Amino acid sequence: QQWHSTQQELQDLLKIEPKEPVKPEKDKVTAFQNIATMYIKYILAFRNLEECYDQITQPQKRILIRHILDGNIGRILELKKDMVDLELLEYHYFDDILTDMKLTPADIEIPVPRYFTAENAKVLKEREKMLDTILARLAPEDE
């Protein structure tokens with residue numbers, strides 16, 4: 001069920017995406033609003049895709065969803081770069097857009113994908129052990 005709604009959401013996003021290069025928007029505010037709206041929609045799609053990936057047990061669908069997830073993350077990064085280039089700021093305020101879309105800031109937080117932590121668990125454990133040994137060496141002797 002969630003997979004089908006996410007597919008529909010992605011199809012709607014693809015309909016909005018320009019198929020050929022568009023003329024630059026002269027009004028910076030309007031340009032930013034357009035890019036930010038797409039950015040938020042892609043984040044929402046990412047969260048749904050990530051949930052689908054975590055829940056689906058069919059290996060073929062997991063491979064497909066992983067591929068779509070990676071593409072979605074790439075598009076989020078492209079839109080973020082466009083917003084930074086447009087406003088010359090790393091942090092953006094989406095208050096008005098979030099209000100229009102009836103969302104909260106928590107809805108657009110980008111979580112670390114669960115597949116990333118699951119696939120890199122061994123590396124993360126090794127890093128944690130290394131940090132523990134470094135911290136143990138740096139700890140004061142009188143304790």
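**Figure 1. Alanine 139 follows helix H6 (121-138) in this predicted model.** Alanine 139 is partly exposed, at 32% relative accessibility. Here buried means under 20% relative accessible area, exposed means over 50%, and partly exposed falls in between, with a 1.4 Å probe and protein chains only. Helices (H or I, at least four residues) and strands (E, at least two) are DSSP runs, numbered from the N terminus. Alanine 139 sits in the segment after H6. A separation of 28 Å lies between the C-alpha atoms of alanine 139 and asparagine 120. Along the chain, these two are 19 residues apart.

In this predicted model, local features need pLDDT of at least 70 and side-chain atom pairs count only at pLDDT 80 or more, while totals for chains, interfaces and linings use all residues. Residues are numbered from 1 along each chain as its sequence is written, and side-chain values use heavy atoms, with hydrogens and water left out.

**Figure 2. The whole chain is helical in its regular elements, with six helices and zero strands.** Read from the N terminus, the order is α-α-α-α-α-α. The radius of gyration is 20 Å, well over the 15 Å from the globule rule for 143 residues, so the protein is more spread out than a compact globule. That radius is taken over C-alpha atoms, and the rule is 2.2 Å times the number of residues to the power 0.38. Along the principal axes, the C-alpha atoms fill a box of roughly 65 × 40 × 30 Å. Buried residues make up 26% of the 143. Of the contacts with a separation of 6 or more, 77% come from residues 24 or more positions apart. A contact means heavy atoms within 4.5 Å.

**Figure 3. The surface of the protein and its charges are summarised here.** The accessible surface is about 10,700 Å². Carbon and sulfur atoms hold 58% of that surface. Areas come from the Shrake-Rupley method with a 1.4 Å probe; for residues, only the protein chains shown count as cover. There are 20 positive and 27 negative side chains. The centres of the two sets lie 6 Å apart. Lys and Arg count as positive, Asp and Glu as negative; His and the chain ends are not counted. Each charge is placed at NZ of Lys, CZ of Arg, CG of Asp or CD of Glu.

**Figure 4. Helix H3 covers residues 59-87.** Its 29 residues should span 42 Å at 1.5 Å a residue, and the end C-alpha atoms are 42 Å apart, which agrees. The expected span is 1.5 Å times one less than the number of residues. Ile65, Leu69, Asn72, Ile76, Leu79, Met83, Val84 and Leu86 are buried in H3. The buried residues of H3 pack against helix H1 (2-16), helix H2 (28-55) and helix H5 (114-119).

**Figure 5. Asparagine 72 is a buried polar-named position to inspect within H3.** Its relative accessibility is 3%. Asparagine 72 touches Leu10, Tyr42, Ala45, Phe46 and Leu49, leaving aside residues up to four places away in sequence.

**Figure 6. Two residues of helix H2 are shown, threonine 30 and glutamate 50.** Threonine 30 is partly exposed, at a relative accessible area of 30%. The C-alpha atoms of threonine 30 and glutamine 58 are separated by 42 Å, with their positions 28 residues apart along the chain. Glutamate 50 is buried, at 5% relative accessibility. Glutamate 50 touches Leu69, Pro113, Arg114 and Tyr115, again without residues up to four places away in sequence.

**Figure 7. Leucine 88 and lysine 102 have positive phi values.** Leucine 88 follows H3. It lies in the loop between H3 and helix H4 (95-100). Phi of leucine 88 is near 60°, positive in a residue other than glycine. Leucine 88 is exposed, at 70% relative accessibility. Lysine 102 lies in the loop between H4 and H5. Phi of lysine 102 is near 55°, also positive in a residue other than glycine. Lysine 102 is exposed, with a relative accessible area of 73%.
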